[in-house]
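Please look over the sequence and the structure below before reading on. The notes that follow are grouped by topic.

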Amino acid sequence: MSGPYSHVAYSMPMAVPSKGNQYPTYSQYSVSPPECDDSISSASGVASYSNSGYSATSASYVGYSAGDYDTTGSASGLDFQEYMQERFANSFNPIPLDRSMAVQAQTSGKLNAKHRELVDLQKQAQARLAKTRERFQEGMRDAREVRGDLEWTQKKVSSLQSKASRKHPKEYGKARARYPSPEC
């Protein structure tokens, strides 16, 4: 690999998490076989280590099962980072994440559309409110004008009544008896 990450080979025993039957189990610990020395006998073609108590042909060799890994290579020759990257790449399924991102994008689009719709409705409501206020102010001006006209008319009628009652008291009294005023 290039960049800030460098190849690191691990030769110390390292715990490997066990997840039940989700992953194939190699062993509880990843251990390198002992280094070769003069006490190795290879009469059968398969190396056996007489001093260490382990046998490469025995099934009890740290959870060994045929086909798991090559016995001729050392475990320290494995690139742990590459191994974990491959395991992660094989176990990670990006399809649900892609679906979630698509749903999130659709939801975001719908939310933005609703927000724009809400802003448009708010502008329409503000325009209607401004028109309504203008009409209300116009109505208030008209009401004041009508009130002024009614007050002027009432004063005029009152003054005509008083003049008529002074100039023609008999006729005014007769007319008042015939057509009574609602004020009395």
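A surface patch, as the word is used here, is made of residues with over 30% relative accessible area and no salt bridge, and like charges are joined within 9 Å. The model described here is predicted. Its chain has 184 residues, of which 3% count as buried.

**Overall layout**

- The chain contains 3 helices and 4 strands.
- Along the sequence, these elements follow the pattern β-β-β-β-α-α-α.
- Helix H1 covers residues 80-91, and helix H2 covers residues 95-167.
- About 16,300 Å² of the chain's surface is accessible, and carbon and sulfur atoms hold 56% of that area.
- Among contacts in the chain with a separation of 6 or more, 45% are between residues 24 or more positions apart.

**Charged patches**

- Which residues gather in a patch of negative charge on the surface? They are Glu134, Glu138, Asp142, Glu145 and Asp149.
- One member of this negative patch, Asp149, is located in helix H2.
- Asp149 counts as partly exposed because its relative accessibility is 45%, and partly exposed covers the range between the buried limit of 20% and the exposed limit of 50%.
- A patch of positive charge on the surface is formed by Lys156, Lys163, Arg166 and Lys167.
- Of these positive residues, Lys167 has its place in helix H2.
- Lys167 has a relative accessible area of 67%, so this residue is exposed.

**Nonpolar patch**

- Phe88, Phe92, Leu97 and Met101 make up a nonpolar patch on the surface.
- Together these four side chains have about 410 Å² of accessible area.
- Phe88, one of the patch residues, lies in helix H1.

**Salt bridge**

- Side chains of opposite charge can pair when their charged atoms come close.
- How many salt bridges does a search of the whole structure find? The search finds 1.
- Glu117 and Lys114 form a salt bridge, and their closest N and O atoms are 3.9 Å apart. The cut-off for a salt bridge is 4 Å, so this pair counts as one.
- Both residues are in helix H2, 3 residues apart, which means that about one helical turn separates Glu117 from Lys114.
- Is Glu117 buried or partly exposed? Glu117 counts as partly exposed because its relative accessibility is 42%.
- Lys114 is exposed, because its relative accessible area is 55%.

Conventions:
Residues numbered from 1 in each chain as written. Predicted model: local features only at pLDDT ≥ 70, side-chain atom pairs only at ≥ 80, totals over all residues. Heavy atoms only, no water. Patch = residues over 30% accessible without salt bridge, like charges linked within 9 Å, V, L, I, M, F, W, Y side chains within 5 Å. Areas by Shrake-Rupley, 256 points an atom, 1.4 Å probe, with all protein chains shown as cover. Lys, Arg positive; Asp, Glu negative; His and termini not counted. Charge placed at Lys NZ, Arg CZ, Asp CG, Glu CD. Helix = DSSP H or I, 4+ residues; strand = E, 2+ residues; numbered from the N terminus. Buried < 20%, exposed > 50% of the residue type's maximum accessible area, 1.4 Å probe, protein only. Contact = heavy atoms within 4.5 Å.
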